[in-house]
Amino acid sequence: QVQLVESGGGLVQTGGSLRLSCAASVSIFSISAMDWYRQAPGKQRELVASITSGGTTTYSASVKGRFTISRDSAKNTMYLQMNSLKPDDSAVYYCYAQRVSIGSISRYWGQGTQVTVSS
């Protein structure tokens, strides 16, 4: 089992910055991929950013150039640095991790952290 605990959400004004953290209960060397998702009220959960165990990153078009995903293996933690925040970025942000073993894929979610961007 992998437990994921997010932190760092809050209320910020348009143009401000926040850094989200996702602490894993296991070594992230054992995790093949980690993602950040978000879900705004009345909308589907959407993928925001991904990082592989090799450090390859991808971003959704809506956040590219503003958000940066990273991971610190020594701390078993993934981060999402969010700059130039807009009201449309307001959502609950979720951490997701995937472990791949022979014959199976295990998926884990954090509890979410609220991000609110005021105009």
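Begin by selecting strands S4 and S9, which pair in the antiparallel sense over 7 bridges. The model on the screen is a predicted one. S4 covers residues 33–39 and S9 covers residues 91–101. Within this pairing, select Asp-35, which stands opposite Tyr-96 in S9.

**Along S9**

Keep S9 selected and add strand S10, residues 104–109; these two strands run antiparallel and are joined by 6 bridges. One position to display here is Val-100, which faces Ile-105 in S10. Next, move to the turn: S9 and S10 form a hairpin with 2 residues between them. Gly-103, in that turn, has a positive phi of about 85°.

Then add strand S11, residues 113–118, which is antiparallel to S9 and joined to S9 by 3 bridges. To locate this contact, select Ala-91, whose bridge partner in S11 is Val-115.

**The salt bridges**

Return to S4 and show the side chain of Arg-38, which lies in that strand. Which residues form a salt bridge with Arg-38? Glu-46 forms one, with the closest N and O atoms 2.6 Å apart. Asp-89 forms another, where the closest N and O atoms are 2.9 Å apart. Asp-89 sits in the loop between S8 (77–82) and S9, so that its salt bridge with Arg-38 links distant parts of the chain, 51 residues apart.

Now colour these residues by accessibility. Arg-38 counts as buried because its relative accessibility is 5%, under the 20% limit. Glu-46, at 33%, counts as partly exposed. Asp-89 is buried, with a relative accessible area of 2%.

Select Arg-66 next. The side chains of Asp-89 and Arg-66 meet in a salt bridge of 2.8 Å, N to O. Arg-66 lies in the loop between strand S6 (57–59) and strand S7 (67–72), and Asp-89 in the loop between S8 and S9, so this pair ties together parts that are 23 residues apart in sequence. Arg-66 is buried, with a relative accessible area of 11%. Salt bridges that share partners join Arg-38, Glu-46, Arg-66 and Asp-89 into one network. The structure holds 3 salt bridges.

**The largest pocket**

Finally, display the surface and find the largest pocket, which holds about 150 Å³ of space. Of its 13 lining residues, the closest to the centre are Arg-38, Ala-40, Lys-43, Glu-46 and Asp-88. How many residues of each class form the lining of the largest pocket? By class, there are 7 charged, 4 polar and 2 nonpolar residues.

Technical notes
Residues are numbered from 1 along each chain as its sequence is written. This is a predicted model: local features need pLDDT of at least 70, side-chain atom pairs count only at pLDDT 80 or more; totals for chains, interfaces and linings use all residues. Side-chain values use heavy atoms; hydrogens and water are left out. A salt bridge is a side-chain nitrogen of Lys or Arg within 4 Å of a carboxyl oxygen of Asp or Glu. Buried means under 20% relative accessible area, exposed over 50%, partly exposed in between (1.4 Å probe, protein chains only). Helices (H or I, at least four residues) and strands (E, at least two) are DSSP runs, numbered from the N terminus. On a 1 Å grid over the protein atoms alone, a cavity is a set of points where a 1.4 Å probe fits but cannot get out, and a pocket is an open set with protein on both sides within 12 Å along at least five of seven lines; lining residues have an atom within 4 Å of a point. Grid points are joined across faces, edges and corners, and a volume is the space filled by probe spheres set on the points. Ala, Val, Leu, Ile, Met, Phe, Trp, Tyr, Cys and Pro count as nonpolar, Asp, Glu, Lys and Arg as charged, and the others, Gly among them, as polar. Two strands pair if DSSP finds at least two bridges between them.
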